[in-house]
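Got a fold in front of you and want to practise reading strands, sheets and helix packing? Let's go through it as a conversation.

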Amino acid sequence: MKVIIAEKPDQGVTLASPFKSKKHQGYIEIYPNELFPNGAYMTWAVGHLFQLAPPEHYRPEWKKWIIDTLPIIPERFEYEIEKAKAKQFKVIKELLRKTEVTEIIHAGDAGREGELIIRNIIQMSGVKKPLKRLWISSLTPKAIYEGFKSLLDESETRNLYYEAYARACADWLVGMNASRIYSILLKKKGMNDVFSAGRVQTPTLALIVKREKEIESFKSEPFWEVLATFNIDGKQYEGKWVKDNESRLKDKELAKKIAEFCQNKAAEVKEVKTERKEFQPPLLFNLSSLQATANKLYQFSPKKTLDVLQSLYQKGIVSYPRSDSNYVTKGEAETFPEILQKLSSLQEYKDFFPLPNPSIIHNKRYVNEKKVTDHYAIIPTEQVTDPNKLSSDERKIYDLVVRRLIAAHYEQAIFDYTTIITLVDKRAEFVSKGKQQIQEGWRKVLFQREQEDDLATLPDIQQGEQGHVEKVKMKEGKTQPPKRYTEGQLITLMKTAGKFLDNEELEKVLMKTEGLGTEATRAGIITMLKERKYIEVKKNQVYATDKGKVLIEAIGDKILASPEMTAKWEQRLSEIGEGKASAASFMEQVKKLSAKIIEDALEMSERWDFTGFNTDAIQRTKSKATLGKSVGKCKLCDGTIIDKGEFYGCTNYAKTKCSFTISKMILGKKISQTNVKKLLQNGKTDLIKGFKKGEKTFDAFLVWDEGQKKLSFSFKND
């Protein structure tokens, strides 16, 4: 008999769904079948059941936040069970120890974190039995069945465990030491708050603060442009005055003189240049590109896109969400005709069929084994679903994934870009730019929002034609500061932060990790920066807060804020996962780095000057009487919800990234601790009066929507 361990309860249920079974408390009994002649037990973790032990676990003196104890470097890292999850661990351990159980099947997510979660459970149980690995990229019944039919030997993925374990320990070391040293030193400067720092979040914050500084230091200057409307033998078009490729004039009087000079003058077409450009259909989605697209079109945060995608994956209708690849293997490409045939019958997509290219199996732009790492691109599975049967958010994400696959089977889009140079009175030169669509191609399927679409359609003009200036006008403008990043642009920026490396190193990094964090962690890093009050997002624009600016000013140009360091770190972790590098030697380097971070902070602190910073805004508003006080059980993971100052949050956040939070202020109304306790215990608060939305106020109950896993308002006292 076998024990199968999934990463989460809902995944366990899905993995067991193709088989006849019976549900028990904490596990499912799978009855004997073709794949499991003696039956099997399906059980699950609840994300990470174990966490790396806190500093005081190793030495009592490490509990105090004082400089003398830094750097904190345990001789050997140890794990401890999360109290809230001890019950499930007991269920798993009892199943593993059953005498009839002869084999364990590791069915965690097919990635390094999934590898770590399940192997930790097995190691902490003390059970040593043969181990096999389920490795699948979709949760359709067919994929599940085929996956169990062709299990991997555990040795094939063991290096991924070493990679994940090294990553966890290294992040613990850097985060623990950096957070303590900067919190201690900044407190001496009067900022009584916790300054969390880490090897991915801090370089990401540094990029945001850098942009904030560029905006703050930008000085807007006025400029003028001269625009002329030409009439060439009855054909009209507009041009912009240029000299030495520059159209902007800083001198208003000069612009006025040019405009006056051109009025009613003769005009001649000096040059007509047309360039044809072909645009290939975009690549299939990986997680980062999908997050960036959903943010641009729908203002979805990266975390929201990942959560919705995870929901679609759980339903078995899209492939693995945390993929870093834009490509598929030949095996996946062979399933496309079946998927596309099903899509062609749906009202939403039938107008795109028949496809210009029935198959892309030989198109290396999409089908490339060498560019598929752990997972292939995000695609719809053969379990095709009518998008109108999904929730609004699910429909939007599923539609993006479907359209991207359909577009890959279309021809390129072709445009002619035309530039006309018109000479006024044989002296003043004007440039006109326009474009004409020659072939729509894949743009029929995808709705692109390109700036180029603003280009005018120019009339058919030939070199040497003559006419006159019909009218001239001056247009005043102001130079604009750099724009703040959107969350989608931030994901892309994190992905390409490896560009700071030299070409050879960059090539290696881009093949695997591409900069700050991984596909699986980038959304979480942005969420973490929000929750730790380092950034704010307003109207999809990312702002650095005073707290974020102070931390980056304190760190300066030291290694902790360096995107290059983090990109190299991810490169080394990837090599550990591939069996090409030693985890032990990597950890030795991280220990040295932790000591260097302490040295850098002490050195920089002697020169700190926060003049001009609003440090008063960084004082901790947390009441000592309630800080850390438990108010109930987490609705998402059954962990403990505690007072974290400006909000109530789950104690499991640092270990499992549990995102459950309740703000102390919602729509202008303070949420009392009594109501938070009632919400957590009963799923509903008392009636709260005075919520404000715009000019309107209203009274409502706050309720926990178990289906949507989120807070909502209720106007009925049920």
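What follows is a short dialogue about a predicted model.

Q: Let's start with the seven-strand sheet: what is the strand order, and is the sheet open or closed?

A: Two strands pair if DSSP finds at least two bridges between them. Here that gives an open sheet of seven strands, ordered β2-β3-β4-β1-β7-β8-β9, and the pairing is mixed. At the edges stand β2 (21–24) and β9 (152–153); each has a single partner strand, so one side of each is left without a neighbour in the sheet.

Q: How many bridges hold β3 and β4 together, and in which sense do they pair?

A: Strand β3 (residues 27–30) and strand β4 (residues 40–44) share four bridges in the antiparallel sense. To find the register, look at I30, which sits opposite A40 in β4.

Q: Which strands does helix α1 lie across?

A: Helix α1 (residues 9–16) lies across β1 (2–6), β2, β3, β4 and β7 (103–107), and runs at about 155° to β4. Helix α3 also runs at about 155° to β4, and lies across β1, β3, β4 and β7.

Q: And at what angle do the axes of α3 and α4 cross?

A: Angles of 65 to 115 degrees count as roughly perpendicular. The axes of α3 (residues 86–96) and α4 (residues 112–125) come within 10 Å and cross at roughly 65°, so the two helices are roughly perpendicular to each other. The crossing of α3 past α4 is right-handed.

Q: Which residues meet there?

A: From α3 you have F89, I92, K93 and L96, and they meet I121, M124 and S125 of α4. By type, the residues of this contact split into five nonpolar, one polar and one charged.

Q: Over to β10: why is it called largely enclosed?

A: Buried means under 20% relative accessible area. In strand β10 (residues 222–232), 10 of the 11 residues are buried, so the strand is largely enclosed by the rest of the structure. A word on strands in general: in a regular one, the side chains alternate between the two faces of the sheet.

Q: Which strands does β10 pair with, and how many bridges join them?

A: With β15 (residues 466–478), β10 runs antiparallel and is joined by 10 bridges; there, P222 has K478 as its bridge partner. With β11 (residues 235–242), β10 is also antiparallel, this time over six bridges, and A228 stands opposite G239.

Q: What about the turn of the hairpin formed by β10 and β11?

A: Two residues lie between the strands of that hairpin, and D233 takes a positive phi near 55°.

Technical notes: Residues are numbered from 1 along each chain as its sequence is written. This is a predicted model: local features need pLDDT of at least 70, side-chain atom pairs count only at pLDDT 80 or more; totals for chains, interfaces and linings use all residues. Side-chain values use heavy atoms; hydrogens and water are left out. Buried means under 20% relative accessible area, exposed over 50%, partly exposed in between (1.4 Å probe, protein chains only). Axes are lines fitted to C-alpha atoms, for helices over the stretch in contact, and angles run from 0 to 180 degrees between N-to-C directions. Angles under 35 degrees count as roughly parallel, over 145 as roughly antiparallel, 65 to 115 as roughly perpendicular and the rest as oblique. A crossing is left-handed if the near helix is turned anticlockwise from the far one by less than a right angle, and right-handed if clockwise. Contact means heavy atoms within 4.5 Å. Ala, Val, Leu, Ile, Met, Phe, Trp, Tyr, Cys and Pro count as nonpolar, Asp, Glu, Lys and Arg as charged, and the others, Gly among them, as polar.
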